[in-house]
Amino acid sequence: MIQIDSTIEGRRFNLHHLEQLLKPRGYTIGGNWDYDRGCFDYKMADDGGYQFLRIPFTAVEGELDSRGTVVEMGKPFVLNHVYQRGLDDHVDVGNMTATLNQFQEPEDPDGSVDEKYIIQGKKLVKQLESILSK
């Protein structure tokens, strides 16, 4: 994980407005959200793993699943999520667990990040700063 300094850190936005600005540009709200925090993810590549620019946020007014929620942006970072090749050796078999646990455990959820993704992440953050300054 490589953190990127940004002027968006600490700024507050209406979450619905953020979604309207960022989703058409390829950002998604990562699946690892909770009622008081989450992340916008931008998938940069699938190069032996998943390379993301991640922008964390925390609810400061309301909860993420409610209307009118205001969030505070955290420090963006580039993340390399290295997935396993082949079969998962920690699989649980059974009708219920097979339905819920379809995906492999990551080989390294915080793999080293290639310089080209750090550069790309910094460019994306500059674009994001421009978008959010309007």
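Here is a short chat about a predicted model, covering a helix, some strands, a pocket and two residues.

Trainee: What ground rules apply to this model?
Mentor: Residues are numbered from 1 along each chain as its sequence is written, and side-chain values use heavy atoms, with hydrogens and water left out. As the model is predicted, local features need pLDDT of at least 70 and side-chain atom pairs count only at pLDDT 80 or more, while totals for chains, interfaces and linings use all residues.

Trainee: Which residues of helix H1 are buried?
Mentor: Helices (H or I, at least four residues) and strands (E, at least two) are DSSP runs, numbered from the N terminus. Buried means under 20% relative accessible area, exposed over 50%, and partly exposed in between (1.4 Å probe, protein chains only). In H1, residues 15–22, the buried ones are Leu15, Leu18, Leu21 and Leu22.

Trainee: Why do those buried residues line one face of H1?
Mentor: An α-helix has 3.6 residues a turn, so residues three or four places apart point the same way. Seen down the axis of H1, the buried residues line one face because they fall within an arc (taken from the directions from the helix axis to the C-beta atoms) of 120°.

Trainee: Which residue in S6 is the bridge partner of phenylalanine 13?
Mentor: Strands pair if DSSP finds at least two bridges between them. S2 and S6 run antiparallel and are joined by three bridges, and S5 and S6 also run antiparallel, with four bridges. Alanine 59 has its bridge partner in S6 at valine 71, and the partner of phenylalanine 13 there is valine 71.

Trainee: Which side chain makes a polar contact with the side chain of arginine 54?
Mentor: Arginine 54 is found in strand S5. A polar contact is a pair of N or O atoms within 3.5 Å; within protein, one must be able to donate a hydrogen and the other to accept it, and residues adjacent in sequence count only if both atoms are side-chain atoms. At 2.7 Å, the side chain of arginine 54 meets that of aspartate 41.

Trainee: Is aspartate 114 buried or exposed, and what is its relative accessible area?
Mentor: Aspartate 114 sits in the loop between strand S8 (106–111) and H3. Asparagine 80 is 34 residues apart from aspartate 114 in sequence, and 8.6 Å apart in space, C-alpha to C-alpha. Aspartate 114 is partly exposed, with a relative accessible area of 42%.
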